[in-house]
Amino acid sequence: MTYIEIILNNCIYLFCPLSIYLLYTIYNRNIDKETGDLAFEIAILSSLYFILRFGLPLHEKYPTMMYDIPLLLCYCKKRPKFALLVSLLIIAYQTAFLSFQPLLLILEYTLYFGLYYYQNKKKEWHVKDFLQAFIIIKSFFLALETFLVINPIGTYQANIISLFILIIILYFIAYLVLSFFQKGEKIVELNNDLYNIEKEKELRSSLFKVTHEIKNPIAVCKGYLDMLDIHNEKKLKKYIPIVKEEINRTLILMDDFLDYTKIKIEKEELDLCFLLEEMEESLKSLFKEKNIVSRFCIPETEIYILGDYNRLKQVLINLLKNAVEAKDEQKSDSFIWVFTEEEKDTISIIIEDNGIGMDQETLSHISEMFFTTKKRGSGLGVGLSKEIIELHQGSLIYQSEKGKGTRVKLTLPKEENMT
């Protein structure tokens, strides 16, 4: 086997456990979990075991010399206590299997420990400086071991050449492993930064969702409070329950913000016709104010589904509000038509208007977060509505033509088809 093959063989034993450790660290960061010291220690001990058990020497009289690299990593990661354990294992191995002098070994690995504390006292920790000092100490003791134990009968020149080659290879591989580990940790940190950015983006998105949706019930409350007359008992009895209900809906939206990672729905049996009747009654004043003729074609028989009443109400308010805002001021006969289509397994609510409509490019981006054509819009309403409907195992389909109007089809499975 050539020198190159031997070096590659030894590098594989060193790199594999470290690579697994880095991948494990990335995985834990992605699930927001700390890796801890144990994973690193297992990786170091695995590298040490593989290199001692299967590592190949560059020369038949010399050991592999790569077992000090895991120890070097311990010091560079500032794990001095664990480094002491690794040192004891290496000393025991060299004493038992290589017949090295234990006193020399104890002195050598004590110097490594002292070097660590000397470097650690400095304001700046430089891995390259520590590596160079580590190699200098290793070179001195390897020279003593060569002339006393490894090859005492060899010529001075032959021993010096062998030492020089060994030290150069050891330094090269140690530098390669340290660089790999540092680059790997930088990738882990970068991945962690990207994960945190994604979480912050998700938080911002949720914040936008909440602020966008809270405006709707507050606007309804304001409208009814403006029309409220404390001297008119009939209006008080009619408007106050509506205001209370909208406030409750606002509180539900605030709960979304507290648990922003995913919108939750609580399914229960509900009558879709009753929901549509409530929408018609709640938005009647808004349609009147905007001079829009509304027509709700609601079936006389009940239509039951499993769904979250408040969430579906939230979606319908969004869709109807968008239809109102899409009114074409050039038209005097603006209308919004709401009706249902029932099939064997599904029930659909269709909302049609003859507003300004959308071109195909706008329509293709309608569900994207933050995409909006409104001057004061956030671009979250449609995306949020689509998300809620998909959680109900349904679909939300838009059809529109510029200047002619928009048709929205909200399809939900019937009760017996929902899980």
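**Exercise 1. Determine what share of the contacts with a separation of 6 or more joins residues 24 or more positions apart, and describe the chain as a whole.**

Solution. In this predicted model, residues 24 or more positions apart account for 73% of the contacts in the chain that have a separation of 6 or more. The next step is the secondary structure: the chain holds 12 helices and seven strands. Finally, of the 419 residues in the chain, 43% are buried.

**Exercise 2. Identify the residues with the most contacts inside the largest nonpolar core, and establish which helices supply this core.**

Solution. The largest nonpolar core has 58 residues, and Tyr67, Leu71, Phe130 and Ile173 are those with the most contacts inside it. At least two residues of this core come from each of α1 (3-30), α2 (37-54), α3 (68-76), α4 (80-97), α5 (102-120), α6 (127-150) and α7 (156-227). The largest share, 11 residues, is that of α7. Apart from this core lies another, of 38 residues, including Val315, Ile347, Ile349 and Leu412.

One of the residues named above can then be followed in detail. When neighbours within four places in sequence are left aside, Leu71 is in contact with Ala83, Val86, Ser87, Ile90, Tyr109, Tyr112 and Phe134.

**Exercise 3. Decide how many residues of α3 are buried, and characterise the residue with positive phi just after this helix.**

Solution. Nine of the nine residues of α3 are buried, and the helix is thus described as mostly covered. The buried residues are Asp68, Ile69, Pro70, Leu71, Leu72, Leu73, Cys74, Tyr75 and Cys76.

Just after α3, Lys78 takes a positive phi of about 60°, although Lys78 is not a glycine. Lys78 belongs to the loop between α3 and α4. Its relative accessibility is 42%, so Lys78 counts as partly exposed.

A further case is Gln393, which is not a glycine and has a positive phi of about 65°. Gln393 is located in the loop between α12 (381-391) and β6 (395-401). With a relative accessible area of 40%, Gln393 is partly exposed.

**Exercise 4. Describe the packing of α2 and α3 by axis distance, angle, handedness and residue composition.**

Solution. Two packed helices are described by the angle between their axes and the distance between the axes. For α2 and α3, the axes come within 8 Å and cross at roughly 160°. Angles over 145 degrees count as roughly antiparallel, and α2 and α3 are therefore roughly antiparallel to each other. The crossing of α2 past α3 is right-handed.

On the α2 side, Phe40, Ile44, Ser47 and Leu48 meet Pro70, Leu73 and Cys74 of α3. The residues of this contact comprise six nonpolar, one polar and no charged.

**Exercise 5. Classify the packing of α3 and α6, and list the residues that meet.**

Solution. The axes of α3 and α6 are 11 Å apart, and the packing angle is about 140°. That angle makes α3 oblique to α6. The crossing of these two helices is right-handed.

From α3, the residues Asp68, Leu71, Leu72, Tyr75 and Cys76 meet Val127, Phe130, Leu131, Phe134 and Lys138 of α6. The contact of α3 with α6 divides into eight nonpolar residues, no polar ones and two charged ones.

**Exercise 6. Repeat the classification for α5 and α6, and then locate Val149.**

Solution. The axes of α5 and α6 cross at roughly 170° and come within 10 Å. These helices are therefore roughly antiparallel to each other. From α5, the contact is made by Leu104, Leu105, Leu107, Glu108, Tyr109, Leu111, Tyr112, Leu115, Tyr116 and Gln119, and from α6 by Asp129, Phe130, Ala133, Phe134, Ile137, Lys138, Phe141, Leu144, Glu145 and Leu148. The residues of this contact divide into 15 nonpolar, one polar and four charged.

Val149 is placed in helix α6. Its relative accessibility of 26% means that Val149 counts as partly exposed. Along the chain, Val149 and Gln101 are 48 residues apart, while their C-alpha atoms are separated by 8.2 Å. Leaving aside neighbours within four places in sequence, Val149 is in contact with Leu98, Ser99, Phe100 and Leu144.

Technical notes. Residues numbered from 1 in each chain as written. Predicted model: local features only at pLDDT ≥ 70, side-chain atom pairs only at ≥ 80, totals over all residues. Heavy atoms only, no water. Core = buried A, V, L, I, M, F, W, Y, C linked by side-chain atoms within 4.5 Å. Buried < 20%, exposed > 50% of the residue type's maximum accessible area, 1.4 Å probe, protein only. Helix = DSSP H or I, 4+ residues; strand = E, 2+ residues; numbered from the N terminus. Contact = heavy atoms within 4.5 Å. Axes fitted to C-alpha atoms, helices over the stretch in contact; angles between N-to-C directions. Parallel < 35°, antiparallel > 145°, perpendicular 65-115°, else oblique. Left-handed = near helix turned anticlockwise from the far one by under 90°. Nonpolar A, V, L, I, M, F, W, Y, C, P; charged D, E, K, R; others polar.
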